[in-house]
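Visitor: I have just opened my first protein model and would like some help reading it. Could you take me through its features one at a time?

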Amino acid sequence: MALYLVKRLFAALIIMLLVVFFTFVIFFQLSPDPAASICGQTCTPERIEAIRDQLGLNEPFFTQFFTFLAAIFVGRDYGSGASAVHCNAPCIGYSFQTNQDVLQGIIDRLPVSVTIAVGAAVLWLFSGVAAGVISAVREGTWWDKGAMMFALAGISLPNYFVALVLQYLLVVQLQWLPFPTVVPFTDSPVEWFQAYLMPWMVLALMYASMYARLTRTNVIDTMGENFMRTARAKGLGRGAVLIRHGLRPSLTPIVTLLGVDFATLLGGALITETVFGLNGVGRYAYDAIAVNDQPVIMGVTLVAAFAVIIANIVVDLLYRVLDPRVRVSSS
């Protein structure tokens, strides 16, 4: 187990280094001049050149890359002399627009994105898996057809459309909920819950629809396996067979999907956060895209990539718990 974990961590490190490299190339070599973005349209060529010197943009490409990479572990200084600014490790740069530490900006907004991700994941996981299992057990019935039609609609409808419809119905027409405004849980648990309920519902509708369809297919396939027939031949009831023997192998693809989806949301639910005005990581990225704030966009990209890589490691470890065949094949 320990050796397996070491191998996975080493592979994750290599992947993360490649992600950092290609992200750096895209945002600092293939994008518009960062110095011009900082300085603005009325800036003089001399001022642009001074900014390039301060950021080290006049250095060779690999010198810039290794300086950026080293800053993640040991920090770096921007500029020289009395005007130098030190960025503590892990440093992924400063915002061109606000001059704020990018990593600190992400950390400040991460609680909002984590709250959205956790709440939505709980809703979509339980509702999607439950609907998929019931549809599989009642294959061909009105429940199965109705649930799958609803799931298809949930996948097809865009997030922003569902968000606007919910706002109109629940906030404007019925006035059951206030417009989402972030309130700390310790200040008012009720207002905190009301603020996040609609974002949770929007994301849960889309993801639960996918999970329901996938769960239904997996359970139907598993119920036809030889070991399931053997369990039924031993006299176990259909419910006991499904719970004891059918769910674990059926849920392994769900675990994979859950890990990736949850990690992706930690990088920000851009559309949902923007529509509801929640100041999470997704909204942070959206505002940065609008003004071409390259360090912020790159920082959010790296954090999201890191979350996905870690989630895949966790999923691999959970596989070994859920499915004994994985333990045998990887040992």
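Guide: Let's begin with empty space. Rolling a probe the size of a water molecule over the atoms shows where empty space is left. In this predicted model, the largest pocket holds about 570 Å³ of space.

Visitor: Which residues lie nearest the centre of the largest pocket?

Guide: Look for Ile-38, Gln-54, Leu-55, Tyr-78 and Phe-96, out of 28 residues that line this pocket. Helix H1 (2-28), helix H3 (45-55), helix H4 (61-74) and strand E1 (76-78) each give at least two residues to the lining. H3 provides the largest share, with five residues.

Visitor: How many residues of each class does the lining of the largest pocket have?

Guide: Its lining has 13 nonpolar, 10 polar and five charged residues. Now try the second largest pocket, with about 440 Å³ of space. There the lining has 17 nonpolar residues, no polar ones and no charged ones.

Visitor: Where should I look to find the second largest pocket?

Guide: Find Met-16, Val-20, Ile-72, Leu-302 and Phe-306, which lie nearest its centre among the 17 lining residues. H1, H4 and H13 each supply at least two residues of that lining, and the largest share, six residues, belongs to H1.

Visitor: Let's turn to the nonpolar cores. Which residues have the most contacts inside the largest one?

Guide: A core is read from buried nonpolar residues whose side chains come within 4.5 Å of one another. In the largest core, which has 41 residues, those with the most contacts are Trp-124, Tyr-196, Met-198, Leu-203 and Leu-265. Helix H5 (102-137), helix H7 (159-173), helix H8 (189-223), helix H9 (226-233), helix H10 (238-266) and helix H13 (294-322) each bring at least two residues to this core. H8 gives the largest share of the core, 13 residues.

Visitor: What is Leu-265 in contact with, leaving aside its neighbours within four places in sequence?

Guide: Leu-265 is in contact with Ser-113, Ala-117, Trp-124, Leu-203 and Tyr-207, once those neighbours are set aside. Apart from this core lies another, of 36 residues, including Leu-57, Phe-65, Cys-91 and Ile-106.

Visitor: Cys-91 is a cysteine, and I have heard about disulfides. How many does a search of the whole structure find?

Guide: To read one, look for two cysteine sulfur atoms within 2.5 Å. The search of the whole structure finds one disulfide. This disulfide joins Cys-87 to Cys-91, with 2.1 Å from S to S. The link between Cys-87 and Cys-91 is right-handed, with 110° about the S-S bond.

Visitor: Are Cys-87 and Cys-91 buried or exposed?

Guide: Both Cys-87 and Cys-91 are buried. While you are there, check the backbone too: the peptide bond from Ala-89 to Pro-90 is cis, with omega near -5°. Pro-90 is found in the loop between strand E2 (85-87) and H5.

Visitor: What about the phi angles? Which residue in the loop between H7 and H8 should I look at?

Guide: Look at Gln-175, in that loop. Gln-175 is not a glycine, yet its phi is positive, about 55°. Gln-175 is also exposed, with a relative accessible area of 61%.

Visitor: Where is Asn-292?

Guide: Asn-292 sits in the loop between helix H12 (281-290) and H13. Its phi is near 55°, a positive value in a residue other than glycine. Asn-292 is partly exposed, with a relative accessible area of 25%.

Key
Residues are numbered from 1 along each chain as its sequence is written. This is a predicted model: local features need pLDDT of at least 70, side-chain atom pairs count only at pLDDT 80 or more; totals for chains, interfaces and linings use all residues. Side-chain values use heavy atoms; hydrogens and water are left out. Buried means under 20% relative accessible area, exposed over 50%, partly exposed in between (1.4 Å probe, protein chains only). Helices (H or I, at least four residues) and strands (E, at least two) are DSSP runs, numbered from the N terminus. Contact means heavy atoms within 4.5 Å. On a 1 Å grid over the protein atoms alone, a cavity is a set of points where a 1.4 Å probe fits but cannot get out, and a pocket is an open set with protein on both sides within 12 Å along at least five of seven lines; lining residues have an atom within 4 Å of a point. Grid points are joined across faces, edges and corners, and a volume is the space filled by probe spheres set on the points. Ala, Val, Leu, Ile, Met, Phe, Trp, Tyr, Cys and Pro count as nonpolar, Asp, Glu, Lys and Arg as charged, and the others, Gly among them, as polar.
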